Protein chains: 2
Amino acid sequence: MYKKVNLEQKILSSNEEYAAANRHFLNQNKKLCLNMISSPGSGKTTILAKTIIMLNDKLKIGVVEGDIKTDLDAERIRKTNAPAVQIQTDGACHLSAVQVSKALESLPVANLDLIFIENVGNLVCPSAFELGETGKVVVLSVAEGDDKPVKYPAIFAKSKVMLINKIDLLEAVGLTDFNIERAMADARKLNKDIKIFPVSAKTGKGFDKWCDWLVDSVKNLQSQ
Amino acid sequence: MYKKVNLEQKILSSNEEYAAANRHFLNQNKKLCLNMISSPGSGKTTILAKTIIMLNDKLKIGVVEGDIKTDLDAERIRKTNAPAVQIQTDGACHLSAVQVSKALESLPVANLDLIFIENVGNLVCPSAFELGETGKVVVLSVAEGDDKPVKYPAIFAKSKVMLINKIDLLEAVGLTDFNIERAMADARKLNKDIKIFPVSAKTGKGFDKWCDWLVDSVKNLQSQ
């Protein structure tokens with residue numbers, strides 16, 4: 001006798017169990033954990049390195065790096081002296097909660113205020129896999145065009161924060177290809193509570209507000 | 001009694017059957033069919049629209065458009081007067097061969113020289129799913145950084161052509177973030193036969209060589 005099973009649901013529900021365990025661990029220890037998701041090349045690693053340096057005196061930050069191949073990104077993070085653990089997915093298109101669970105064991109979590117998870121560069125698949133994070137941060141580079149919230153709605157609907165990165169390229173890209181007002185309005189149509197910070201990880205523009213939000217979020221969590 | 005099955009292998013092999021049927025159909029009819037793969041926002045649709053207009057007198061081109069949501073891209077292609085069929089994957093992260101098989105039925109294939117398939121914006125998953133295409137074209141925008149061939153090797157290893165797009169942004173992006181020689185050398189390390197065309201879909205720079213290659217490839221196929 002055969003029973004029809006929904007494979008996607010089965011895989012997701014096994015992931016959900018590990019995600020729940022990660023969430024419980026992070027909540028109990030009052031650690032803010034943000035899962036960063038974007039297309040390849042939107043600037044996630046550069047944003048993280050800049051954020052760590054700017055918050056050097058205020059927050060202790062650790063990073064879980066997800067990549068298909070290479071540990072280039074973890075190397076870049078370690079140059080800031082922050083602890084970083086690399087997960088190589090070896091072809092897989094997203095991080096899973098069990099991978100993050102193991103990575104958290106390798107980080108000095110007790111000494112950290114904030115843990116970033118840098119997901120695999122992919123605007124689609126990572127949005128379907130909860131890792132137990134406190135919230136998701138979607139990064140959109142202005143070079144990708146302002147139509148991405150409409151064309152890839154899932155991740156914009158689920159994220160706590162949207163970083164619009166590479167605003168230093170706005171002029172070179174041009175208003176017809178990236179109208180920042182349109183990108184923001186479309187993201188808010190999908191998610192009225194989303195926080196939006198336009199930034200340039202290259203020049204540092206806009207990082208003050210993003211860093212203030214991180215510091216406030218950590219304080220709020222730790223005072224609960 | 002239970003038998004352990006490799007799920008990924010099963011899904012892939014069902015896809016492979018449809019891909020083989022598509023390949024047979026395209027070969028029999030001597031149609032060149034190129035599967036375009038890139039991150040979201042690398043400029044696939046803009047490249048296609050420009051290519052169709054530039055080759056207006058030389059090749060009859062049709063397009064299969066893959067998107068998660070919206071038919072914005074097919075609309076953009078239809079403005080060039082080329083026939084375009086939209087596939088909305090509704091969340092799925094890649095096109096499948098069965099979807100392409102149905103889409104080909106809606107295109108006037110007998111009247112076409114060249115069929116482009118624009119895959120879902122995703123540098124990872126589409127590389128694992130053959131569609132029956134003659135070859136893959138990977139698009140990398142200079143704004144994404146020159147480390148993408150090393151970090152996402154599968155698609156660069158499998159592609160017939162690499163288009164390095166948005167070379168109009170090279171100066172604004174800067175040599176530390178995109179060294180075109182490095183990107184080309186890394187792609188060739190993975191794939192010594194890959195054809196590489198640096199282009200700007202915005203200014204048209206580099207399109208002459210890319211279009212010549214398309215015309216020659218169609219001629220070669222039709223004269224076989």
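Here is a friendly exchange about this predicted model of chains A and B.

Colleague: Glad to look at this with you! What average pLDDT does chain A have?

Modeller: Happy to help, and please keep in mind that the model is predicted. For the complex, the predictor gives an ipTM of 0.90 and a pTM of 0.93. In chain A, 95% of the residues score at least 70. The average pLDDT of chain A is 95.

Colleague: What rotation superposes chain B on chain A?

Modeller: The superposition has an RMSD of 0.0 Å, with 0.0 Å of shift along the rotation axis. The two copies are thus related as by a two-fold rotation axis. The rotation is 180°.

Colleague: Which element of chain B gives the most residues to the side that touches chain A?

Modeller: The contact takes 31 residues from chain B and 31 residues from chain A. On the side of chain B that touches chain A, the elements giving two or more residues are α5 (148–151) and α6 (153–158) of chain B. With three residues, the one that gives the most is α5(B).

Colleague: And do the copies meet through the same surface or through different ones?

Modeller: We can compare the interface residues of the two chains. Of those in chain B, 100% are also interface residues in chain A, so the copies meet through the same surface.

Colleague: Let's go inside. Which residue of β3(B) is the bridge partner of Val64(B)?

Modeller: Strand β2 (residues 61–67) of chain B runs parallel to β3(B), and five bridges join them. Between these strands the chain passes through helix α3 (residues 72–78) of chain B, in a right-handed β-α-β crossover. Strand β3 (residues 84–88) of chain B is largely enclosed by the rest of the structure, because four of its five residues are buried. In β3(B), the partner of Val64(B) is Val85(B).

Colleague: Which residues touch the most other members of the largest nonpolar core?

Modeller: That core has 125 residues. Ile117(B) has contacts beyond four places away in sequence that include Cys33(B), Met36(B), Val64(B), Leu95(B), Val100(B) and Leu131(B). The residues that touch the most other core members are Phe116(A), Ile117(A), Phe116(B) and Ile117(B).

Colleague: One last stop: is Gln222(B) buried or exposed?

Modeller: Gln222(B) is found in helix α9 (residues 207–222) of chain B. Its C-alpha atom is separated by 25 Å from that of Glu16(B), 206 residues apart along the chain. A residue counts as exposed with 12 or fewer C-beta neighbours within 10 Å. Gln222(B) has 11 inside that distance, so this residue is exposed.

Notes: Residues are numbered from 1 along each chain as its sequence is written. Chains are lettered from A and ligands numbered from 1 in the order in which they are written. This is a predicted model: local features need pLDDT of at least 70, side-chain atom pairs count only at pLDDT 80 or more; totals for chains, interfaces and linings use all residues. A nonpolar core is a set of buried Ala, Val, Leu, Ile, Met, Phe, Trp, Tyr and Cys residues joined through C-beta atoms within 7 Å. A residue is buried if 20 or more other C-beta atoms lie within 10 Å of its own, exposed if 12 or fewer, and partly exposed in between; C-beta atoms are placed from the backbone. Two residues are in contact if their C-beta atoms, placed from the backbone, lie within 7 Å. Copies are superposed by least squares on the C-alpha atoms of residues with pLDDT of at least 70 in both. pLDDT is the predictor's confidence in each residue, from 0 to 100. Two strands pair if DSSP finds at least two bridges between them. A crossover is right-handed if, with the strands pointing away from the viewer, the path from the first strand over the helix to the second runs clockwise.
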